[in-house]
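Let's take a walk through this protein together, starting with the whole chain and then stopping at a few places along the way. Keep the structure open beside you as you read.

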Amino acid sequence: MDSDCLSLLPAVCLVLADPKQAPPDDTSLEKLLDWFKELHSQSNGQVLLQDQPCLLEFISSVCTSETTDPAILSFTLKLTGLLAATKQGFHLLEEGGLLLCAFEREACYVCDLWEDASVRSGWLQGLLNMLKHQKSLDFICRNGLIKVVLQLQNDRSLFVASLANQLLVHILNFLTSSSTTNGSDAVGSSVSSLRSDWVSVSSEIMNAVVEALSSEDHPQVLRGLRLLSLVLSQCGEPIRSMLWKDVLVPLEVLIKRGSESLTQTLMTVLQAADTSARPVEELLEAMLGDGNRKECFQCAALVVKLEKCPEVSKRKATGIILLPLQCVSTQPQTEIETYLVLNEQLSQKASCISLLMQSLSSLAELAHRKFLFEDISIHSITSSVVWLLRMCSGQCPSSLLRINASIHLIGCCKVQRCGLDTLGALSVYEENVDLRKDIFGVLLDYLQSPDSHATVLKKTFQAAVRWIAVCSPFPDLLQFISHDLFPVLEKRMCDLRWEVRDSTLEFITQLTTALNGNSGFTEALHTSGMVSVLLSSLADTEGYVRASAVAAVGEAVTASFHHAATERNSSLLEKALTQMMIALSQDTEGFPRRAVVKAFTSWLKGSHPVTALESSLSSVLSLGGNDFDWEVKMHTLELAEVLMEKTLTCCPYIVQNVDFSEKTRLTQALSRLKDYGLFDLLFNSLLDCDRPVCEKACALLVRLRTLTAETADLDHSALVLNVCGNRWGDEVQSRYLNKQQA
C-alpha cells in the first residue's frame with residue numbers, strides 16, 4: 001500500500017502547494033502527517049527525501065509563497081521538522097536552504113500568516129519534531145530562535161503558549177542529556193560542563209523565568225510559574241538546581257505578597273520541587289502562615305493533598321483546614337486574630353460555603369488515607385461534622401449556634417452533600433462507632449425531611465451504607481433498621497421524584513449485599529413488608545426505577561438462598577421469577593430487561609444451586625438472545641457462559657454416578673445445554689448484526705470446544721454430531737444460508 005501511496009505523492013504535493021485549490025480539512029492533514037511519521041520511522045530521512053524530491057520542491061514552494069493557506073503552511077512546518085529529525089535529512093534540508101526558509105527568525109515577523117495561531121503552533125511543533133540531535137539544537141541556538149520561543153510563551157493563544165513551554169523544557173532537557181552523553185556526570189555536573197553557546201541558551205531561558213516571576217504583571221507571573229513547574233518536574237540536573245537557586249528569592253516575594261489567585265500555581269511549583277528539601281519546607285511554612293490570611297486556607301487544602309510533604313507542614317495544614325469546621329460547631333483553640341478573620345469570612349455567604357467545603361473535602365481526603373490526628377480527637381472532628389449537618393438542615397437551636405453562619409447554611413445542598421461524603425469517609429475510624437447513635441440520628445433526619453434534595457438523599461444513602469457495614473456486629477443495628485429505617489424507605493418508595501425512588505432501591509440493594517448472611521436482617525426484610533414494596537416497584541412508571549427494582553428483588557432472593565428453604569422463600573422466588581419473565585418479554589425499555597438477565601446470572605453464579613431456575617433458563621436464553629437491545633444480548637451470552645461452566649465442570653443438575661464413563665457425563669452435559677437452547681443462542685448470535693455479540697458468541701463456541709477437548713480425550717466432531725445432530729460447521733453454514741434467503 002505504501003508503494004501505491006508514494007506513487008501518488010508528487011500529485012498530492014502539487015495540489016497542496018497550489019493556493020488556488022481549497023485546502024483539505026485539518027483531520028486529513030493530520031492523517032497525512034501521521035502517515036509521514038510512520039514512513040519516516042521505517043527509513044531515515046535522507047532516503048525519503050532522495051526518493052521523493054517532490055517533498056523538497058513542496059517545502060520550498062509553500063514557505064516562499066505569500067498566498068499559502070495557514071493550514072497548509074502549518075502542516076509544512078511540522079513536516080519539515082519531522083524530515084529534519086535525522087542527521088541525513090537535516091543535512092539535505094539545510095544544504096538546500098529550506099530550514100532557514102521555514103524557521104528563520106526574520107521570516108516569522110514579515111509574514112502576515114504569522115498572525116494565524118495555527119502557523120505559530122506549526123512552527124513550534126516543527127522545531128519540537130526536529131530536536132532529536134545536536135545539529136538541530138545548534139541550528140536553534142545559532143539563529144536566535146530561542147528569543148522567538150520565549151516571546152511565544154506569552155502568546156495570546158493558550159495552546160501556542162503551552163507548546164512554547166514544552167519546547168523550552170525540551171531544549172533544557174536536550175542540553176542536559178547532551179552534556180551527559182559527552183562524558184559528564186549529570187548529577188554532579190555544573191554549568192561548566194556545558195558548551196559556552198549552550199550555557200548562554202540555558203541562561204537566557206532561566207533568566208526569562210526569573211524576570212517573569214519578578215514582574216508586576218499578573219499574567220506574566222502566571223506564565224513564569226507554569227514554565228518553572230514544568231522545568232522542575234521534567235528536567236534533570238544541573239538545570240533544576242541552577243534554576244531553583246535563582247528563583248528562591250522571587251518565590252519568597254510572591255508568597256509574602258499573598259495573592260490568592262497565585263496560590264494554586266505556587267503549590268504546583270512547590271509540589272514539582274523536592275518537598276523534603278529545607279527551602280521548600282520553609283516556603284510551605286510561609287504560605288501557610290499563621291492561618292490569619294484568606295489564602296492560607298486554600299493553601300492548607302492543597303498541602304493536605306500532597307503525597308510527599310514534610311510531616312510538620314502536613315499537621316499545620318490539617319490544623320488550619322479544620323478551623324472553619326470547628327468554628328461553626330465549637331469554640332476553636334486559636335488566636336483571636338485568626339478567629340476574627342474566620343468569623344468575618346464565615347459571615348459572608350460565598351466565602352462561608354467555600355471555606356466549609358474546602359474543610360470537609362480535605363477532611364475526607366485525610367480520612368481516605370486513615371490520617372492519624374494528634375492534636376484533636378477523631379470523636380471531636382466527627383461530632384463537628386454531625387453538628388454542621390444538623391445546622392444545614394435547620395435542626396440546631398439558635399441558642400447553641402456559635403456564629404451567624406447558619407443563615408447561609410440552612411438548606412445549602414452543596415455543604416450538605418460534601419458533609420455527607422465526609423461523614424461516610426469517617427467510618428474508617430473504628431473509634432467512631434461509639435457515635436453511631438448520633439450519626440444514624442442525623443442520617444435518619446435527612447431521610448425523613450421533606451425538604452431534602454434528591455442528590456442529598458443519594459449522598460445520605462451512600463453514607464448510611466458505609467456506616468451500617470461498619471456497625472453490623474452491634475445488636476442495636478437491626479432494631480434501627482427494622483423500626484426506624486424501613487418505614488422511611490417505604491415512604492421514599494412512593495416519592496413523586498423518580499430519582500429518589502431509584503436511589504432508595506439502589507440503597508436497599510447495597511444494604512442487602514452488605515448484610516448478606518445476616519439472618520436477622522433477612523427476617524426483618526420479609527416481616528417489615530419491604531419485599532412486597534420491592535415487588536410492586538417492578539411495575540414503576542419509570543424504566544430506571546424498574547431496573548433498580550429488579551436488582552433489589554434479585555439481591556433479596558439471593559439473601560434468602562443462604563437460609564433454610566421455607567414456604568416464604570419459595571413464594572418470593574416464584575413471584576420474582578413470574579414478574580421478571582414478564583419484564584423480559586414485555587418491558588419496552590432496555591434497562592429493566594438488562595437487569596433481569598444480570599439477576600439470573602448472579603443467581604446462577606451463587607454457591608447454592610437453585611433447581612427452581614431450571615424451568616426459566618431456556619426462556620431467558622431465548623428471549624434475551626432475540627432481544628433488540630445489543631446489551632441485553634451480551635448479558636444473555638454472559639449468562640450462557642456461566643451456565644456452560646456450571647454444567648460442564650460440576651453439572652449441578654445431573655445426578656452424579658460413579659459408574660458413568662467420562663463420555664457419558666460429557667454427553668449428558670452437552671445434551672442438557674442443548675435442551676436449554678444454548679446452542680441455538682450461540683449459533684444465532686454468531687450471525688448477529690452487532691459485532692460485539694458475534695465476537696462473544698464465537699469466543700464461547702471456541703471455549704466450549706476447548707472445555708470438551710480438555711474434559712475427555714474423545715472425538716469432538718463425533719460427540720457434537722451425537723448430541724446436536726449436526727456438525728458445527730454445517731450448522732453455521734445452514735443458518736447463514738437461511739438468514740440470507742430470509
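Of the 742 residues in the protein chain, 51% count as buried. Please keep in mind that this is a predicted model. The accessible surface of the chain comes to about 34100 Å², and carbon and sulfur atoms account for 52% of that area. As for secondary structure, the chain has 40 helices and 0 strands. How do contacts relate to distance along the sequence? Among contacts between residues at least 6 apart in sequence, 71% join residues at least 24 apart.

With that overview in hand, let's look at a pair of helices. Helix H2 covers residues 26-42 and helix H5 covers residues 70-83. The two pack with their axes 11 Å apart, at an angle of about 10°. Because angles under 35 degrees count as roughly parallel, H2 is described as roughly parallel to H5. If you would like to see which side chains to display here, H2 contributes Asp26, Leu29, Glu30, Leu32, Leu33, Phe36, Lys37 and His40 to the meeting. On the H5 side, the partners are Ala71, Ile72, Phe75, Lys78, Leu79, Leu82 and Leu83.

Next, find Ser121 in helix H9, which spans residues 117-130. Is this serine buried or exposed? Ser121 has 8% relative accessibility, so it counts as buried. Leaving aside residues up to four places away in sequence, Ser121 touches Phe159, Val160 and Leu163.

Val488 makes a good next stop, and you will find it in helix H27 (residues 476-492). This valine counts as buried because its relative accessibility is 8%, and the cut-off for buried is under 20%. Which residues does Val488 touch, not counting those up to four places away in sequence? They are Leu444, Leu447 and Gln448. Gln448 sits 40 residues from Val488 along the chain, yet the C-alpha atoms of Val488 and Gln448 are separated by 6.4 Å.

Finally, let's move out to the surface. There, Trp498, Tyr544 and Phe591 form a nonpolar patch, and together these three have about 260 Å² of accessible area. Phe591 belongs to helix H33, made up of residues 590-605. With a relative accessibility of 33%, Phe591 counts as partly exposed, because that class takes in values between the buried limit of 20% and the exposed limit of 50%.

Key: Residues are numbered from 1 along each chain as its sequence is written. This is a predicted model: local features need pLDDT of at least 70, side-chain atom pairs count only at pLDDT 80 or more; totals for chains, interfaces and linings use all residues. Side-chain values use heavy atoms; hydrogens and water are left out. Patches are made of residues with over 30% relative accessible area and no salt bridge: like charges are joined within 9 Å, nonpolar side chains (Val, Leu, Ile, Met, Phe, Trp, Tyr) within 5 Å. Accessible areas come from the Shrake-Rupley method with a 1.4 Å probe; for residues, only the protein chains shown count as cover. A salt bridge is a side-chain nitrogen of Lys or Arg within 4 Å of a carboxyl oxygen of Asp or Glu. Helices (H or I, at least four residues) and strands (E, at least two) are DSSP runs, numbered from the N terminus. Buried means under 20% relative accessible area, exposed over 50%, partly exposed in between (1.4 Å probe, protein chains only). Contact means heavy atoms within 4.5 Å. Axes are lines fitted to C-alpha atoms, for helices over the stretch in contact, and angles run from 0 to 180 degrees between N-to-C directions. Angles under 35 degrees count as roughly parallel, over 145 as roughly antiparallel, 65 to 115 as roughly perpendicular and the rest as oblique.
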